[in-house]
Amino acid sequence: MTKSPNDAFRGTYLCRQATHDCFLLTHSKFSVRFAQSALLSLASVQNHTYCSRGFSTFLPLSHTDEYRKNKLNPISLRVIMAGASVAVDQNLFSCPICLDLLKYPVTINCGHSYCMSCIKSCWDQEDHAGVYRCPQCRQTFTPRPVLGRNTILAEVVDKLKTGLQAATPADHYAGPGDVECDVCTGRKHKAVKSCLVCLESYCETHLQPHYESPAFKKHKLTDATGRLQDKVCSHHDKPLEVYCRTDQQCICYLCTMDKHRGHHTVSAAVGMAEIQRQMDETQREFQQIIQMSEKELQELREAVGSITSSAQTAVEDSERIFTEMIRSIERRRSEVTKLIRDQEKAAVSQTEGHMERLEQEIDELKRRHSELEQLSHTEDHIHFLQRFLCLPVLPEVGFGPKISVNSCFIFGNVRKVVSDLKDQLENVCRTTTAEIKDAVTKDTILPVLVPRTRAKFLQYSCRVTLDPNTANRHLHLSEGNRVVTWKRETQSYPDHQERFDWHDQVLCTEGLTGRCYWEVEWNGDGVGIGVTYKGITRKGRGDDSALGNNDKSWCLNCDPDSYSFWHNNKYTAVSGPRSSRIGVYLDHKAGTLSFYSVSDATSGKMTLLYMVQTTFTKPLYPGFAFKYYKWCEFSVKLSDI
């Protein structure tokens, strides 16, 4: 056993020539750097390694009690080799050129070790000078040294690789969807950072030079990302560092002198900051929409509870009312039945009285008939005459009032009246049921769901055209009846019953139902944008022919500095951002008509100006009115969307 000449390290190392193995043990205070120096100071003889100072003592490890008493440095990795332990940092066995664990390690004359392929490639570039340098210490060699494999170092590295594979947690390796380290060989580790200069991704181990070496100080590190080639210019093979505002794309600095010469360009950082500000604004808008949506969602939840509660109350009330109606009808039925039975009893009693009287009269007539029959057979003339004179010549009975009964019409009137009552009730129920159905439908209509973004509105876009038969003669139509311009000189339109002869107005040809959206671009001193039923008056200067001044039309007046809404000659002031583009959304079935200020058609920013909630009974025709003018031309255009 030979100790280090520097007692401060208090280290020991042991050589054992019989197995051509070198065993290096380090105390907890033993410098790892000294361990590397000790190992790399070994000399190679016929590809076998020995201590450079030689060895004077060979002891089995089991005979060295001193080593068993000391603990190994916990920051090192242990490599078991031929019954001995090597405790070292894995970075000490990395090639300084490729930064990976040594592959086919060779040790050059200065004592530094490299991968065989790495040092060969490095020295191949120096063949022209004939002087070869160590990439680390820059020591020169002439002629080119012969390289031989460092046997013991190769075995140590092999054992170290095996130990690393066993010791590395599974989550340190790259899995599906992870970015792999571009430097690792064999099974790839998970990359933690990517370098936009090197265009490579690194694991924790291979990333260290970027933190430690001044040469990498200006390199740009980002979170690990794949497809780094997407960050390189496909034309110049340079990093994308510039943002072209003109073409809205990332370019390299050479592109600014080539294809993008004269374009408005900024650095990628500035471009990102600008777009980030736009994103912040968009995120704020999203947050506002989210808050509004959550509020509406809560309102809908409350509406569901209210609908359920209200429906249950309505059902209970309906059941109670129908039960009362049934009971009332049953009472009326009982009353009618009692009335009929009472009348029946009276009629039967009266009839039975008549029957009894008739039976008595019949008996009396039969008795007299029998007496006359007997008298007719007597032969005693005196007796016959005396007896006959005692009998009335005409019978007193049998000639009373005649009772006439028609059984077919007994209680027939009652049956008819009750039948008529049934028909009336059925008619009332039919009519009332329809009214109840309408009331139920109206009561359960949910709040109208209106689109929130211009993209959603455009799903209901419709193309309308101006009707020349309705245009006032001061209005000139152009661009396929999609633009109307007020002009001082009149147009030579023929007479037509649908033409506005006083108000400077024009309607569209199409009558709209369902959901429809259209946009209007306007300029001038004052323009009215609205809708109307077709039945609006066309002649005269009265309110019944002016958009917004009657119950047949609805109109938003747009002035340079204000908005106002008119319906049935009633004025409502409207606030909102000024815009030369107005969007109109109609949901005919829901009875909503909305006007929007479209500030930017590109970004789709819209602001609700006014919404009408009513009931539309007929198709609506878009219309435009030129309210104010200073004897100059101004126009309205139906936008192409």
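Domain bounds, for what follows, come from an automatic or database domain assignment. Okay, so this is a predicted model, where local features need pLDDT of at least 70, side-chain atom pairs count only at pLDDT 80 or more, and totals for chains, interfaces and linings use all residues. Residues are numbered from 1 along each chain as its sequence is written, and side-chain values use heavy atoms, with hydrogens and water left out.

Confidence, then. The mean pLDDT (the predictor's confidence in each residue, from 0 to 100) is 79 for the protein, with 80% of residues at 70 or more. Residues 1-87 stay under 50.

On to the pocket, meaning an open set of points on a 1 Å grid over the protein atoms alone, where a 1.4 Å probe fits, with protein on both sides within 12 Å along at least five of seven lines. The largest one has a volume of about 1200 Å³, that being the space filled by probe spheres set on the points, joined across faces, edges and corners. It has 33 lining residues, each with an atom within 4 Å of a point. Closest to the centre are Ile289, Met292, Pro451, Arg452 and Thr453. Helix H6 (268-376), helix H9 (454-458) and strand S28 (605-613) each give two or more residues; helices here are DSSP runs of H or I, at least four residues, and strands are runs of E, at least two, numbered from the N terminus. H6 gives the largest share, 12 residues. Domain 3 (283-369) and domain 4 (454-638) each supply at least three.

Key
Contact = heavy atoms within 4.5 Å.
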